[in-house]
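Thanks for coming, everyone. I'll put one chain on the screen and walk through how it packs. Have a look first.

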Amino acid sequence: MADAAGRSAGIFAAACVCGVASGMFGVGGGVLLVPLLGLLFAFEQHRAQGTSLIALIPPTGLLALIAYSKEGFVSWKTGLLLVPGIFLGGIAGGKLAKWINPRLMRRIFAGMLFVLGALQAFSAWRH
């Protein structure tokens, strides 16, 4: 029972960190929560990704959108243009994911994070 309580407390702490990051930087699920669930709590890649969607999209996404919108930091036109692609891509990605084995899925995910992180780092220090 103590192990379960410790695990739950750890997951809650990770969620708090991800919530702050999501609100501050617009990241949380894919960049932080999925790796934390896999590395610290032994979630299989598919389960970590699915679990992060439950936790981050409805509550954090909406609250962060409201906060950013109040400050004038939302491009509504661009955001609304993104919705159909994200919607259709999310459906396609969810269906494709079931055909990829968990180990390969984790490698693809890690490679994508590495490349995007490197590009972001170079861009941030270039100017």
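Which residues in helix 3 meet Pro102, Met105, Arg106 and Phe109 in helix 5? They are Gln45, His46 and Gln49. Keep in mind that this is a predicted model.

Let me give the geometry of that pair. The axes of helix 3 and helix 5 lie 8 Å apart, and the packing angle is about 60 degrees. An angle under 65 but not under 35 degrees falls in the oblique class. Helix 3 and helix 5 are therefore oblique to each other.

Now step back to the whole chain. The protein chain has five helices and zero strands. In sequence order the pattern reads α-α-α-α-α. The C-alpha trace spans about 50 × 35 × 30 Å along its principal axes.

How much of the protein chain counts as buried? The figure is 17% of the 127 residues. The exposed surface comes to about 9400 Å², and carbon and sulfur atoms supply 74% of that area. As for contacts, take those between residues at least 6 apart in sequence. Of these, 55% join residues at least 24 apart.

On to the core. In soluble globular proteins, nonpolar side chains tend to be buried together. Here the largest nonpolar core has 10 residues. From the front of the sequence, they start with Ala14 and Cys18. Then come Leu33, Val34, Leu37 and Phe41. Phe43, Ala48, Leu56 and Phe109 complete the set.

Which helices each supply at least two residues of this core? Helix 1, residues 2–25, does so, and so do helix 2, residues 29–41, and helix 3, residues 45–70. Helix 2 gives the most, with four residues.

So let's follow helix 2 and look at its partners. Two packed helices are described by the angle between their axes and the distance between the axes.

Start with helix 1. The axes of helix 1 and helix 2 come within 10 Å and cross at roughly 160 degrees. That angle is over 145 degrees, so helix 1 and helix 2 are roughly antiparallel to each other. The crossing of helix 1 past helix 2 is right-handed. Which residues make the contact? On the helix 1 side they are Arg7, Gly10, Ile11, Ala14, Cys18 and Ala21. Leu32, Leu33, Leu36 and Phe41 answer from helix 2. Ala14, Cys18, Leu33 and Phe41 are also members of the core.

Now the other partner, helix 5, residues 102–126. Its axis and that of helix 2 come within 12 Å, crossing at roughly 140 degrees. That makes helix 2 oblique to helix 5. This time the crossing is left-handed. Helix 2 brings Gly30, Val31, Val34, Pro35, Gly38 and Leu39 to the contact. Helix 5 brings Arg106, Phe109 and Leu113. Arg106 and Phe109 also meet helix 3. Phe109 is one of the core residues too.

Next, a few single residues. First, Ala42. Where is Ala42 placed? Ala42 sits in the loop between helix 2 and helix 3. Most residues other than glycine have a negative phi. Ala42 is not a glycine, yet has a positive phi of about 55 degrees. Is Ala42 buried or exposed? Ala42 is exposed, at a relative accessible area of 69%.

Second, Trp99. This residue is in the loop between helix 4, residues 76–97, and helix 5. Trp99 has 70% relative accessibility, which is over the 50% cut-off, so the residue counts as exposed. Its C-alpha is 32 Å from that of Ala4, with the two positions 95 residues apart along the chain.

Third, Phe12, in helix 1. Phe12 counts as exposed as well, at 57% relative accessibility. Phe12 and Glu44 are 32 residues apart along the chain, and their C-alpha atoms are separated by 18 Å.

Last, Gly94, in helix 4. Gly94 is partly exposed, with a relative accessible area of 47%. C-alpha to C-alpha, Gly94 and Gln49 are 9.9 Å apart, against 45 residues apart in sequence. Gln49 brings us back to the opening question, as one of the helix 3 residues that meet helix 5.

That's the tour. Over to you.

Terms used: Residues are numbered from 1 along each chain as its sequence is written. This is a predicted model: local features need pLDDT of at least 70, side-chain atom pairs count only at pLDDT 80 or more; totals for chains, interfaces and linings use all residues. Side-chain values use heavy atoms; hydrogens and water are left out. Buried means under 20% relative accessible area, exposed over 50%, partly exposed in between (1.4 Å probe, protein chains only). Contact means heavy atoms within 4.5 Å. Accessible areas come from the Shrake-Rupley method with a 1.4 Å probe; for residues, only the protein chains shown count as cover. A nonpolar core is a set of buried Ala, Val, Leu, Ile, Met, Phe, Trp, Tyr and Cys residues joined through side-chain atoms within 4.5 Å. Axes are lines fitted to C-alpha atoms, for helices over the stretch in contact, and angles run from 0 to 180 degrees between N-to-C directions. Angles under 35 degrees count as roughly parallel, over 145 as roughly antiparallel, 65 to 115 as roughly perpendicular and the rest as oblique. A crossing is left-handed if the near helix is turned anticlockwise from the far one by less than a right angle, and right-handed if clockwise.
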